[in-house]
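User: Could you take a close look at one part of this structure and walk me through it slowly?

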Amino acid sequence: MPIRKIFSVPFVLFAAALSLALMPFAANAATISSGYSGNWYNPSRSGEGLQLEILSSDVALVEWYTYDSQGQQRWIQGVGNIAGNSIQFPQAYTTQGGKFGPAFNPDEVKVTAVGNLSLTFGDCNTGTFKYT
């Protein structure tokens, strides 16, 4: 049985100042749009963060780069539903196996469900990430 942990981490948009200088945001900044796509991180958790891609007005993709309990790199992916100022990823996964390039065989890839994720935004530069 996989170890499950629950935690909540505040995060900020990487290079938020550049984003603000280059992109005008709507008055209701907590409504998630394509401007929320990018790399998000918590400065106190070096080497860990999120790559968020807003795919449509109601669907998002997240890649969470983190570490397992032995300190090994771990990537967790999920597709989520956008509602207001939050995104719910009802099932997150890790993968292992397979080969890159022409030797790739999808039958060699092992997909493991590891929990669920959520993102809640206070504005276009800050939010909270939860993993259960």
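Analyst: Let's start with some vocabulary: two strands pair if DSSP finds at least two bridges between them. Strands themselves are DSSP runs of E with at least two residues, numbered from the N terminus. Keep in mind that this is a predicted model, where local features need pLDDT of at least 70, side-chain atom pairs count only at pLDDT 80 or more, and totals for chains, interfaces and linings use all residues. Residues are numbered from 1 along each chain as its sequence is written, and side-chain values use heavy atoms, leaving out hydrogens and water.

Our part is β6, residues 86-96, which runs antiparallel to β5, residues 73-83, with five bridges joining them. The two make a hairpin with two residues in between, and G84 in that turn has a positive phi of about 65°. One bridge pairs A83 with S86 of β6. β6 also runs antiparallel to β7, residues 110-121, through nine bridges, and there A92 has G115 as its bridge partner.

Now zoom in on two residues of β6: T94 and T95. T94 has 14% relative accessibility, so it counts as buried (under 20%). T95 has 45%, so it is partly exposed (between 20% and 50%, where over 50% is exposed; the probe is 1.4 Å, protein chains only). In a regular strand, side chains alternate between the two faces of the sheet.

What does T94 touch, beyond residues up to four places away in sequence? Counting contact as heavy atoms within 4.5 Å, T94 meets R74, W75, I76, Q77, K110, V111, T112 and V114. With the neighbours within four places set aside, T95 contacts Q77, V109, K110 and V111.

Terms used: Helix = DSSP H or I, 4+ residues; strand = E, 2+ residues; numbered from the N terminus.
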